[in-house]
Structure formats: C-alpha cells, structure tokens
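Me: Could you walk me through this model, starting with a pair of helices and then turning to the ligand?
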Amino acid sequence: MTRDGSDNPAGRAAFLRAEIERHNHAYYVLDAPTIPDAEYDRLFRELQDIEAAHPELSTPDSPTRRVGGAPLPEFRQVAHAVPMLSLNNAFSAEEAAAFDRRCREGLGVEQIDYACEPKFDGLAIGLRYEKGVFVQGATRGDGFTGEDVTQNLRTVRNIPLRLTGSGYPDLLEVRGEVLMLRRDFERLNERQRAAGEKEFANPRNAAAGSLRQLDPKIAAQRPLRFFAYGVADVSTVAPAPSLHSSMMERLAAWGIPVAAERAVVQGAAGLMAYYERIGAARRTLSYDIDGVVYKVNRLADQERLGYVSRAPRFAIAHKFPAEEALTTVEAIEVQVGRTGAITPVARLAPVFVGGVTVTNATLHNEDEVRRKDVRIGDTVIVRRAGDVIPEVVSVVPEKRPILAPEFVMPKKCPVCGSAVEKPEDEAIARCSGGLFCPAQRKQALLHFASRRAMDIEGLGEKLVEQLVDNAVIKTPADLYKLGVLALANLERMAEKSAANLLAAIDKSRHTTLARFIYALGIRNVGEATAKDLARHFGSLDALMAADADQLQLVPDVGPVVAASIARFFAEPHNREVVEQLRAAGVQWEEGAPSAAAHAPLAGKTFVLTGTLPTLTREAAKELIEARGGKVAGSVSKKTHYVVAGAEAGSKLEKAQELGVNILDESQLKELLES
Ligand code: JCF
C-alpha cells in the first residue's frame, strides 16, 4: 500500500482525512495555514467523492461531516454525567481578594498558585470523546439536562472530530464555550445585511442562534469556535496530571482549542496583575470576554475545597465592570406579571449598551424607585451586564428638568382595576385580581404554553392577547376546546396557522407529570422543583393530596414552597382547572411514589415513655421514623402523640396536663398501619 493510499479507496480516504484535519488544525487552531485554500478545497472534494461512491467508507469523524448532515428534527435531551455548574462572580478587587483568602484559609496555606484564563462570553457546552472520537456534544441546559447539538457541533471547524497525539483516556468529556470571533461576527452580519436577513446584536447572540439552528447545513455556514476550560467525565489519564494547567496543556496536545491567554500566577497580587493585563488587552482579543476566571491550580486542592451549592469553591469569575450608558426616562409604567407582581418599568430613549439597544429598564419595585428617586424626564445611567435585564443604576441629578413629578405606585391594577396589595414585610406589590386579571391570565397562558412547560408551538403573545381580550379563553383548559371557528375570527389568523395551532395544542395533550406541574404556574415552583415533585409523588393525585408537612419531605422544598403548593391546590378554582385539563385528555405516565413519599406520619412528633409490652423503644422509634414521624425526648405543646407503656412517669403526666393524645402499643400499631 502506498503512503498516500492512492492504490485503494479506503486507504486514500483515511489519508485524506488525516491531511484535512492537519490543515484544519493549522488553519483554525494555530492560525497558520499550511496550504493554499484551493488545494485544501481539492482534497476536501476528493474525500467527498470517495465517500459518495463508497458510503461504507464514511465515518462519523470524517471532516466532511462538518458541512452539515440531515436536519435535526428537534434537540434530544442529554443528561449530563457530571452536572454543568456555574461560577460565582467577583465584581471588585475586594471580592477577588476575599476569594483568595477563603481558599488560603480552606487549605491552610500562605500562598496559592492560580490558573487564570479569560472568561469567554459564549455558550457552555460539553464534548464527549470515546476512544478519541467525538461522539456527543450538548448545551448546558439547566445544568443537569442539556440539548444534544452534536450535529451542529460537528460543523464547528476547530472542534477535533478525532483527538490527535496519544495518551488520551478512553472516555473524555471536555467542557468549554462556543463563541463567535468578533471579525467572523462582523462578516456574518455583512452577509446577513446583503441577503436582507436580520442582523445579530452581538457575537454571543449570533453564536447562540447558530448553535441552536435546526438545520446543520445553516449551522455549518456560521463561523463558530470552541474553547475549552476544563474536563468533566474522564476515565484514567496516565500519567494523571496534578495541575489544572497541565490538564489544559494535555488537551491542547490532543488538538482541543484552549485560550492562548492562559497563565499561572501566584497569590492575590498575581490575580490582580492578570486582571489588569487582560482588561487592558480586552479590546484587542479576537473574542468577547466579560471577565477573567481564576482557579486553584492544584487539582488535589480543588477537590479539598469542593463545591458550594452549584458552584466550585476553588474557582471564581472576576467580572469586568458592567457596561453602562446614559439615556433619558420617557415614562414610568407598571407591568403585571404572571403572579400579579407589579413591576415599575422605565421606558427609555433607545440606547446602545452591552451590545444591544435598550428601550426598557426594570425599576424592580416601589422602594427601589424611591431609593434611586427616578422620575420622568430624568437622565439616568442604565446598565446591561451580560444577560441580565437592563436596569437603571442611578439618576444624574444635575440634569433633572424643573418639573419632574415623583412616581406613585397605582392603588389599582392598571389592567383589571383590582386593588393592589403590598404586605408590610414584602417589597413586591401585587394585583389582587388573580386569574380575573387579564394580564395575569395572559401571562399564565403564555407560561402554560411555553417550551419547557406544555410546549405549544405557535401560541405566542399576540395570539394570547386576542384570545383573552375577546374572552375566547379564560383558563388553560379552554385551549383544548378551541375549534377552527373560534380561531378564524381572530386577526391575522390564516387557515393554515389555525390548523397548525390546533395540532400543536392536540400534541401537547401527551406530556409528562413534571411538565404539567411546572405548567400550572404555582408560585415558587420552577422547573427543577416540578421535576422533584413529580419524582417524589409519582402521581398528580398524590401531590394534590399532600399537606405542607408531606410536601416538605421533597428534597429542596422548604416551608415557603410547600405553603405555595398547598395553597394552590386548596383553591377550588385551581382544582377545577386541573380536572378540566384531565377531562380534556391531557395525560402523562404516572410513576410510583419514591420511598420517602410513604410518609403518613410526616410532621408528627412522638414521645415514648415507659416499657411497651412487645416493642423495644428502639423498634418503636424505627417504625415511627420509617413513616416520616419524629421521636422527641420531652413532651411539649408541639407533641402530637405520647406512647405510654408500663411504669410511665412524668412524661405521661405532662401529656395529660397538656391534653396531648396518649396511645398504648396496640393503638400505636393501628396508627402505623393506617
Ligand atoms: O469562560 C471560562 N473561561 C469558564 C467558564 C471557565 C470555567 O472554569 C467555568 C466556566 C463556566 C462554568 N467553569 C464553570 C463551572
């Protein structure tokens, strides 16, 4: 066989793949092209031709896959083997120094070496390699479950489809960010403009839109890049690296792109110097960054420091000052949210800040407006930091016009006229209209139909607006009664889109319990809590029957969330809507309740006293606890039951005094079995 495989198609295909990947690496990773473009194109076309003539020779790691495969029907969900966490932020030198202090104290050392890198302003993803071949790539999603965007990631030119060099583990998951270089972003927008297509506001948006393209052929035309910041799931790497920085070197050697601006520095002074250096170079970098990231470099020390909730203790993102701009307040209006929360919003003269044009900024609540003393006509500093919604930072007092009235919170909901209520100890004012308020009803419907809830495509703001305003629907259950006729009367509703919407509504009948619970829009119940509730109770009836004590047995459900849920299901109107939805054919597969849910004695406190005829004290305690009850040592007003045996003493007297229920062993057994 010849070296270039010219005597057989399989050998030639393998040779071409290796050549093309070598040139890709030189061009996209090293920024040092090795051959003229025309020559590259010739090799590429030759490989495409061989694969077309011999389909059995095409491989998942072939560079030809980068031009985009079949359209993705939708994104499959991927459970992350290791959760994708977030980073805590430091917004000042003091906070960065405090991070260093915490690490030093945690490790009991004088000085720490840190690995530093730019904080990429992109989208976090994980790339899985099996035996060196790229097999799957997923977005961060909620940190536990992401979307499978493998086909789009295959089109990202600097992601190796096959690792190079040697010594990589059988299984490797690389974590990093997908982004768009600034120059590529400019060029893409030029192209969009020329084609009369919409331009992207900033590189991050362009990258996000491209990564989530359903057609990989389009994704392939978008100039995305990937940069790694670490590894998650790894089988043995030999020799095991002891430093984060050496792991990054290892990734680079396997062909994975890493930031050139990495550095290892000593102590807090080193961190500050790095921050200043990268801050000064920020505009000259080829990509947008929003800060820098510091990590304790020694991996064993990282492990010792561990994690706090969803972020590592050994790392922090030190953010650059948020981007701010001056503009004027044209009006202050209030918005009514899904739960009735009334939020004052400043309508602004359009201003470009943080990469987008901003026309609204939240004023959070009445106290905040007072505190900042924002008035109509004021010149204000607005801030848009990263993805955070724009806010008014402060007023420029010198520029206040002579007549600038103070803002007053309306006493009645501007949408439905119901009273606005604000509990003493809360910052948020709420419309008391509930689902009588069209604004709340609209938001509730939009939430119900949203992608992560019932996922009814095509039920957007404009449509919900009309459906509610024309009194066509009042509750989510009414959606399932809609017919073509009702829709035909709406503005801008073509027959085809009406049919599509009805089909989407019909499709949403088959859902999951977690989605359904989330869709109900119970206050304080987000997607994660909805999933926990579904897992714990297994069925909607079990959830609806649970009292606040039983609800608190669900991981992460505390008294406030439990009370919200119990209050929601105690409301007859809500139960009615749930029943109507079920009657309309909304369905899901129910599961068995988790072990912890068999807890008829949840929230009940017992005190044992005296000698029971058959059960030892230990055995009785175990039986009570297995059903969710608690056993306490002394009797108080909070005791629910005292179990008394022979020679019971003062505890029994106390129970009689307080009027606490007293059980003997057989009554206890009855209770345990009920
Ligand atoms: O942008 C980065 N350089 C970066 C982002 C680095 C990290 O170590 C990260 C990150 C986002 C999340 N680590 C996490 C957990």
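Me: Is the crossing of α12 and α13 left-handed or right-handed?
Reply: Happy to help! This is a predicted model, with local features needing pLDDT of at least 70 and side-chain atom pairs pLDDT 80 or more, while totals for chains, interfaces and linings use all residues. Residues are numbered from 1 along each chain as its sequence is written, and side-chain values use heavy atoms, leaving out hydrogens and water. A crossing is left-handed if the near helix is turned anticlockwise from the far one by less than a right angle, and right-handed if clockwise; for α12 and α13 the crossing is right-handed.

Me: At roughly what angle do the axes of α12 and α13 cross?
Reply: Axes are lines fitted to C-alpha atoms over the stretch in contact, with angles from 0 to 180 degrees between N-to-C directions. Helices here are DSSP runs (H or I, at least four residues), and strands are E runs of at least two, numbered from the N terminus. The axes of α12 (residues 438-449) and α13 (residues 461-469) come within 10 Å, and they cross at roughly 135°.

Me: Which strand gives the most to the shell around the ligand?
Reply: Shell residues have a heavy atom within 4 Å of the ligand. β3 (113-120) and β10 (289-296) each supply at least two of them. With four residues, the top contributor is β3.

Me: Which residue has a side-chain N or O atom 2.7 Å from an oxygen atom of the ligand?
Reply: Polar contacts with the ligand pair N or O atoms within 3.5 Å. A ligand nitrogen lies 2.9 Å from a polar side-chain atom of Glu117. For the ligand oxygen, the partner at 2.7 Å is Lys295.

Key:
Polar contact = N/O pair within 3.5 Å; in protein donor to acceptor, adjacent residues only side chain to side chain.
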